[in-house]
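Work through the exercises below with the sequence and the coordinates at hand. Each task is followed by a solution in steps.

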Amino acid sequence: MAEQPEKESLMSLVKKGNTSSAVAMIGNAVLAICKGGAFLVSGSGAMFASAMHSLADAVNQGFVFVGSVLSEKKPTPRFPTGFGRVINIFCMIAVIVVTIMAYETIHEGIHLLQHPVAHTGGVWINIAVLVLNILIDGAILIKAMKEILKEARAPQAKGFALMPAAFKNVGRAAPPTRLVFYEDIVAVLGALFALISVVVIALTNFALLDGMVTTLIGLLMIAVAFRVGYDNMIGLIGVAAPKDIEDKVSQTILADEQVADIQMMRIIQEGRYYHVEGLIELHKGLTLADADDIKFRVQQQLMTNPDIADASISIIEDDGIHSWGNKQADVLK
């Protein structure tokens, strides 16, 4: 088993990479090029801000996709717990990129507020690019929301129910999918704001709106950086699994007829996978051989869950005290 990771091919790891981040990387790279060209033609500050946002997203998703590939590597003798938290490191790099881009965007917005630039033409180019932006980022956002529900093993939703369902389950999705979700919400909103700015300035010559929208987009990017940074910070520290995951694991363990109770259980979320450690109580009178068989049976049953990376179960004899039931009652109180 220790030599298995060495046989992993690069292509096999790439296929396991996060598809949402790969699609978002390609889409945002195309948008950044289109927006950059539109900015050079029109001089629109809102278009500059939107181009910077798309560039930041493309770079981020490239980092994140590489991180998602590396995080799928199997444990090695040197790294026995695996590489699940590598994705959190790459997401933190993405946060730094977003923060830098946000600073540049806000700086440009303040400059435009102090020195407004009048409409210089190219309005139809800007409108066409921003409509393309909304369509592409909107499609990426929809895909990310569907991926959230898939990774969270939540019921599928359609239409207007998709967004609330995604927000409800986003905490259980993989870090790359969460990053795509948050960034593309801002991307779609930023494109809408920029589109409004371009149209209003073309019709009214209210040049201050350009700086206002540019600054607003930068502030939204800061909000994304803070949210993603916080999520990945606790991911690096090691965060407990959600309550419903704990319930499912405990139900699986207690479903074995020879298991009397769960004295202790700890489930750590690492990336989109879970590590289970538990101390279970078995009914009295079992032989050592039978007890070992039950322990391995419980571990194998837990490992049938594709979201569980490993399960380490210890066994003791039933002490007659319902430890897990009391724990659940305390939680409810």
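Two strands pair if DSSP finds at least two bridges between them. The model used here is predicted.

**Exercise 1.** Find in which sense strand 2 and strand 3 pair, and over how many bridges.

Solution. Take strand 2, residues 259-270, and look for its bridges to strand 3. There are 10 bridges, and the pairing is antiparallel. For a check on the register, go to Arg266: opposite this residue stands Glu277 of strand 3.

**Exercise 2.** Describe how strand 3 pairs with strand 4, and how the chain gets from one to the other.

Solution. Strand 4 spans residues 308-317 and pairs with strand 3 in the parallel sense over 9 bridges. Two bridge partners fix the register: Gly278 is matched with Ile313 of strand 4, and Ile280 with Ile315 of strand 4. Between strand 3 and strand 4 the chain passes through helix 10, residues 288-303, in a right-handed β-α-β crossover.

**Exercise 3.** Is strand 3 largely enclosed or exposed?

Solution. A residue is buried when its relative accessible area is under 20%. In strand 3, residues 273-282, 9 of the 10 residues are buried, so this strand is largely enclosed by the rest of the structure.

**Exercise 4.** Work out how helix 7 is oriented relative to helix 8, and which residue classes form their contact.

Solution. The axes of helix 7 (residues 175-204) and helix 8 (residues 208-237) come within 10 Å and cross at roughly 175 degrees. Angles over 145 degrees count as roughly antiparallel, so helix 7 is roughly antiparallel to helix 8. Their contact has 18 nonpolar, 3 polar and 5 charged residues.

Technical notes. Residues are numbered from 1 along each chain as its sequence is written. This is a predicted model: local features need pLDDT of at least 70, side-chain atom pairs count only at pLDDT 80 or more; totals for chains, interfaces and linings use all residues. Side-chain values use heavy atoms; hydrogens and water are left out. Buried means under 20% relative accessible area, exposed over 50%, partly exposed in between (1.4 Å probe, protein chains only). Helices (H or I, at least four residues) and strands (E, at least two) are DSSP runs, numbered from the N terminus. A crossover is right-handed if, with the strands pointing away from the viewer, the path from the first strand over the helix to the second runs clockwise. Axes are lines fitted to C-alpha atoms, for helices over the stretch in contact, and angles run from 0 to 180 degrees between N-to-C directions. Angles under 35 degrees count as roughly parallel, over 145 as roughly antiparallel, 65 to 115 as roughly perpendicular and the rest as oblique. Ala, Val, Leu, Ile, Met, Phe, Trp, Tyr, Cys and Pro count as nonpolar, Asp, Glu, Lys and Arg as charged, and the others, Gly among them, as polar.
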